[in-house]
Amino acid sequence: MTSLSVTTLVLPAAALGPENPLPPLVKPAPVQQVANLAELPADLAEGLGYGQLATVLPYRLQDGYTRERTETELPALVLENDRLRATVLPSLGGRLYSLWHKPSGRELLYRNPVFQPANLALRDAWFAGGVEWNLGSTGHTAQTCAPMFAARVEGPDGTPVLRLWEWERTRDLPYQLDFSLPEGSDFLLVGVRVRNPHARAVPVYWWSNIAVAEEPETRVLVPATEAWHYGYGGRLDRVEVPGDLTYPARADAAADYFFELPDETPRWIAAVDGRGDGLVQASTRRLRGRKLFVWGESAGGRRWQDWLAPGAPGYLEIQAGLARTQLEHLRLDAGESWDWLEAYGPVSADPAVVHGPDWAAATELVQASVPALDERHREWLTVADVQPESLLHQGSGWGALEVHRTMAGLPGTPFPASAMGPEQEPWRALLDGQPPSGSPSAVPPPTLVGPAWADLLEHAPENWLTWYHRGVARWAAGDHDGARSAWRSSLAAAENPWALRNLAVASADQREAAELYERALQLAPDLLPLAIEAITAQLDAELPKRAAVLLEAWNGETSGRLLFLTARTRLALGDAAGARAVFEAGFEVPNIREGETSLSDTWAAVTATPLPAEYDFRMTPP
């Protein structure tokens with residue numbers, strides 16, 4: 001009998017901490033940057049140039065976490081039958097945390113023993129393990145450490161379906177995930193629907209990222225004979241499959257392999273251990289792409305794995321997406337929706353075959369265990385619009401605000417007005433003609449930047465806060481000159497640190513930016529994210545003495561980022577020994593960015609001695 005229950009998961013967990021109040025006007029440089037576009041097929045090159053996000057607005061960054069973990073109860077929802085037990089975390093993007101196969105006593109996913117955020121997602125905070133549902137743009141979704149609505153729905157066979165849904169705000173798209181476990185099934189079924197309620201086309205990106213344990217003999221199998229390889233060196237190259245690439249433990253460094261699946265080929269990917277046991281993921285045809293990601297066996301790759309899951313064994317990711325690669329976006333036309341069905345379950349195959357030299361025989365053997373999904377997909381669609389029963393978990397209030405604005409009907413995914421709270425209230429008031437208001441010393445509410453909200457702001461009565469929000473919305477729309485003008489008008493109406501900081505980010509003159517940051521910090525001297533940006537700006541402008549003065553105000557603060565800035569400042573002042581002393585005393589930068597080489601670069605400028613392992617986060621070997 002299939003059951004759905006509400007429980008908690010107790011893990012050593014680092015608190016997410018407060019959101020960064022400073023709007024993320026500029027997205028960090030992507031880890032994947034393709035320089036050989038002219039060598040690629042025309043349709044692939046075109047896809048790589050379509051739909052990329054310039055910022056993650058209207059979201060704020062989640063960078064307030066630390067590396068300190070305490071035993072914490074996380075909300076969890078458990079769907080199980082007599083064969084499988086699936087554990088879902090509704091407060092963390094609906095992550096499928098665990099998939100336990102009862103007959104074999106095996107965990108099919110990589111189950112991270114801790115919750116430790118690190119800087120890999122579009123909003124910074126990300127954590128490893130399980131299955132992550134990525135909607136938005138290239139990178140880990142802005143929703144990955146955010147709550148989702150959850151409720152129970154009765155499935156077409158009478159068993160419970162776990163429904164999760166939310167409103168993805170970079171694209172303004174509602175989406176839903178329906179988890180079901182038919183009685184006696186060895187496969188968890190996940191129905192996914194993404195809807196475009198707008199009168200305009202929207203770029204869409206979806207990848208389901210599946211973490212599985214990596215052992216020395218783990219092999220990844222997929223019905224493909226070619227793949228696109230990205231080795232974090234700026235090139236996307238076609239390579240042959242199989243080969244050593246199907247054995248992730250043999251990888252020297254981090255790498256992506258996007259497999260070329262012909263149109264008629266079934267859609268699946270699997271990872272099996274030396275005994276032939278593992279997990280297979282399959283889907284209906286809309287989910288075209290399949291990928292393998294490996295951290296590699298370099299010092300940096302091993303450091304990243306330990307950073308994300310301290311003390312745990314290594315892992316790899318097998319992934320499934322709408323496009324061939326994660327560097328592309330597809331066009332979802334106005335008023336349309338896309339849906340598909342995914343399946344997750346065990347595979348047990350003859351190790352002599354799946355690890356043998358005959359690639360076709362190996363993939364055919366695994367494919368024999370892949371369930372037929374088309375009829376299951378049609379059955380799920382009969383309940384996709386069913387109104388869910390009482391809520392099992394509360395999501396954000398942003399979807400409710402959008403429904404309130406548009407009066408949109410979204411069958412199956414209600415966004416109750418009761419979900420709206422203090423963050424939505426100023427915008428709800430704006431719909432009634434009341435302009436934003438507040439003290440210049442208080443942190444402004446997050447700015448909504450969609451076209452409808454931007455238009456409302458342009459016609460709202462003028463004050464310092466209206467001008468501030470107009471600037472953020474204009475910047476998000478690509479009108480950078482208009483944004484600067486708005487922030488100057490905000491300052492003319494009332495001196496405030498928020499417009500000063502945004503003007504600093506927008507300035508092409510590093511000396512001017514440094515000065516603007518200093519002025520902003522004088523008005524908000526206790527705001528750590530602003531201090532970090534301001535000190536960094538002084539160093540970028542080659543003003544290390546000013547950086548030292550700003551650091552002095554934070555003397556005694558244990559922030560790893562500030563300690564690293566201290567080392568950089570000492571180096572810039574000519575005190576290499578003092579900079580090295582900071583490294584040798586030890587510090588951790590909790591939000592060191594994937595692909596960031598600032599630690600290793602600074603160490604190399606300090607000394608010619610080998611980089612200590614704890615500071616090595618390089619994606620490619622030196």
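Here are three short exercises on one sheet of a predicted model, each with a worked solution.

**Exercise 1.** Work out which strands S9 pairs with, and in what sense.

*Solution.* Start with S9 itself, which covers residues 149-154. Going forward along the chain, you hit S10 at residues 160-168, and six bridges join the two strands in antiparallel fashion. One contact to check is Glu154, whose bridge partner in S10 is Pro160. The two strands make a hairpin with five residues between them. While you're in the turn, look at Gly158: its phi is positive, about 90 degrees. Next, try S25 (residues 391-393), which pairs with S9 over two bridges, again antiparallel. Here Ala151 has Leu391 as its bridge partner.

**Exercise 2.** Place these strands in the sheet and find which strands are its edges.

*Solution.* Lay out the order: S15-S19-S20-S24-S12-S11-S10-S9-S25, an open sheet of nine strands with antiparallel pairing. Now look for strands that pair on one side only: these are S15 (219-221) and S25, the edge strands. On average, neighbouring strands are turned by 20 degrees against each other, ignoring direction.

**Exercise 3.** Describe how S11 pairs with S12, then find which strands helix H4 touches.

*Solution.* Take S11 (residues 173-180) and S12 (residues 188-195): they're antiparallel, with six bridges. For a concrete pair, Gln176 has Arg193 as its bridge partner in S12. Then move to H4, residues 359-367, which packs on the sheet and touches S15, S19 (267-272), S20 (277-283) and S24 (337-348). Finally, compare directions: H4 makes about 75 degrees with S15.

Note on methods: Residues numbered from 1 in each chain as written. Predicted model: local features only at pLDDT ≥ 70, side-chain atom pairs only at ≥ 80, totals over all residues. Heavy atoms only, no water. Pairing = 2+ DSSP bridges. Helix = DSSP H or I, 4+ residues; strand = E, 2+ residues; numbered from the N terminus. Axes fitted to C-alpha atoms, helices over the stretch in contact; angles between N-to-C directions. Contact = heavy atoms within 4.5 Å.
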